[in-house]
Amino acid sequence: MKWLKKIQYNSPVVLSFALISFLALLLGNLTNGWTTTNFFCVYRSSLLHPLTYVRLFGHILGHANLEHFTNNMLLILLLGPMLEEKYGSKILLIMISLTAFLTGVLHCLFFSNGLLGASGIVFMMIILSSMVSLGQGRIPLTLILAVAIYLGQEVTGLVQKDNISQMTHILGGICGGIYGFILSKRSK
């Protein structure tokens, strides 16, 4: 049991995000999707309904199934700790919350179906992580390649009807790029 003492909760925002998302998935399975629909999926609804505002943030915690959850969390658990260490827990939480809110509002304004999942956050982290060395006055080739590959994939995906919100991915990537530029200027 001594090895348990060596385990560190090294990235509180990222680990808590993953844990809460997993609990939301379990709860959704236990309630036959009721909690997922009502708390962890954003869609057009009355602005007078209090859960509308919960869903604008909560949709990033909901996932359709274990595969959807695993695909998102794998990347979040790989990229998130580095970003949390570099920018701090508070800043990362603000970036995640703002991206969730913006993708939720955009989705409600332009689409009538429901949206759930953390892929907007994943793409925010992908672009942001490729910009880590931007503050040193150089443009990383990894940033150029990540943006080119990522945007190419998402733009071609816009014409497909595959139940994937490419607009959320694009907006998440744009958010990551904006955060990266703001934070690189701030660190100079």
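Here are a few notes on this predicted model, from confidence to packing to one histidine.

1. Ground rules: this is a predicted model, where local features need pLDDT of at least 70 and side-chain atom pairs count only at pLDDT 80 or more, while totals for chains, interfaces and linings use all residues. Residues are numbered from 1 along each chain as its sequence is written, and side-chain values use heavy atoms, with hydrogens and water left out.

2. Confidence: mean pLDDT (the predictor's confidence in each residue, from 0 to 100) is 89 for the protein, with 91% of residues at 70 or more. Among the elements (DSSP runs: helices are H or I, at least four residues; strands are E, at least two), helix α2 (residues 12–30) has the highest mean, 98, and helix α8 (residues 141–157) the lowest, 74.

3. Main core: the largest nonpolar core (buried Ala, Val, Leu, Ile, Met, Phe, Trp, Tyr and Cys joined through side-chain atoms within 4.5 Å) has 29 residues, and I76, I96, M124 and M125 have the most contacts inside it. Helices α2, α5 (66–87), α6 (89–110), α7 (119–129) and α9 (166–187) each give two or more residues to this core. Another core, of 6 residues, lies apart from it and includes I127, M131, L143 and I170.

4. I96 up close: leaving out residues up to four places away in sequence, I96 touches (heavy atoms within 4.5 Å) V13, F17, I60, I121, M124 and M125.

5. H107: this histidine sits in helix α6 and counts as buried (under 20% relative accessible area; exposed is over 50%, partly exposed in between; 1.4 Å probe, protein chains only) because its relative accessibility is 3%. The H107 side chain reaches the backbone oxygen of N113 at 2.7 Å. Beyond four places in sequence, H107 touches V42, N113, G114, L115 and S165.

Conventions: A polar contact is a pair of N or O atoms within 3.5 Å; within protein, one must be able to donate a hydrogen and the other to accept it, and residues adjacent in sequence count only if both atoms are side-chain atoms.
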